[in-house]
Amino acid sequence: MTICHVYSEQAGYDKEFYSVAEAKKEMKRLIREGYTDVCGNKTKVWSNGDWENCGEIILTGSNATLMANSPRNMKHSNY
């Protein structure tokens with residue numbers, strides 16, 4: 001599961017989304033309203049409760065993130 005956090009201190013806004021597309025729409029809406037400090041972050045949560053920060057949400061382009069050497073990937077490696 002991916003959790004996206006969108007926040008703005010100017011607006012006093014902080015909300016979680018479970019879709020990157022919805023988070024991007026909300027970020028764009030806040031920017032249109034004139035808030036300049038809008039930020040977003042992605043967090044990947046695994047089924048066993050482990051989590052990993054996937055970085056910032058980028059409004060232009062792809063938000064695909066390669067998580068090399070994450071605990072999930074290391075379990076299946078042979079070295």
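**Close-up views of a predicted protein model**

**View 1. The order of elements along the chain is β-β-α-β-β-α.** In this predicted model, the protein chain contains 2 helices and 4 strands. The chain has 79 residues, of which 30% count as buried. Its accessible surface amounts to about 5,500 Å², and carbon and sulfur atoms contribute 51% of that area. Among the contacts with a separation of 6 or more, 42% are between residues 24 or more positions apart.

**View 2. An open sheet is formed by 4 strands with antiparallel pairing.** The strands are arranged in the order β2-β1-β3-β4. At the edges are β2 (13–17) and β4 (51–56), each of which pairs on one side only. On average, and with direction ignored, neighbouring strands of this sheet are turned by 20 degrees against each other.

**View 3. Strands β1 and β2 pair in the antiparallel sense.** Strand β1 covers residues 2–8, and its pairing with β2 extends over 5 bridges. One residue pair may be located in this view: H5 has E16, in β2, as its bridge partner.

**View 4. Helix α1 lies across β1, β2 and β3.** The helix comprises residues 20–32, while strand β3 comprises residues 39–45. Relative to β2, helix α1 runs at about 160 degrees.

**View 5. E22 and K25 form a salt bridge through their side chains.** Side chains of opposite charge can pair when their charged atoms come close. The N to O distance between E22 and K25 is 3.8 Å. Because these residues are 3 positions apart in helix α1, about one helical turn separates them. E22 counts as partly exposed, with 39% relative accessibility, whereas K25 counts as exposed, at 53%.

**View 6. A network of salt bridges links E26, R29 and E33.** A search of the whole structure finds 3 salt bridges. In this network, R29 forms a salt bridge with E26, and their closest N and O atoms are 2.4 Å apart. Both R29 and E26 belong to helix α1, with a spacing of 3 residues, or about one turn of the helix. The side chains of R29 and E33 also meet in a salt bridge, at 2.4 Å from N to O. Which of these residues are buried and which are partly exposed? E26 is buried, because its relative accessibility is 14% and the cut-off for burial is under 20%. R29 is partly exposed, at 28%, and E33 is likewise partly exposed, with a relative accessible area of 47%.

Technical notes
Residues are numbered from 1 along each chain as its sequence is written. This is a predicted model: local features need pLDDT of at least 70, side-chain atom pairs count only at pLDDT 80 or more; totals for chains, interfaces and linings use all residues. Side-chain values use heavy atoms; hydrogens and water are left out. Buried means under 20% relative accessible area, exposed over 50%, partly exposed in between (1.4 Å probe, protein chains only). Contact means heavy atoms within 4.5 Å. Accessible areas come from the Shrake-Rupley method with a 1.4 Å probe; for residues, only the protein chains shown count as cover. Two strands pair if DSSP finds at least two bridges between them. Axes are lines fitted to C-alpha atoms, for helices over the stretch in contact, and angles run from 0 to 180 degrees between N-to-C directions. A salt bridge is a side-chain nitrogen of Lys or Arg within 4 Å of a carboxyl oxygen of Asp or Glu.
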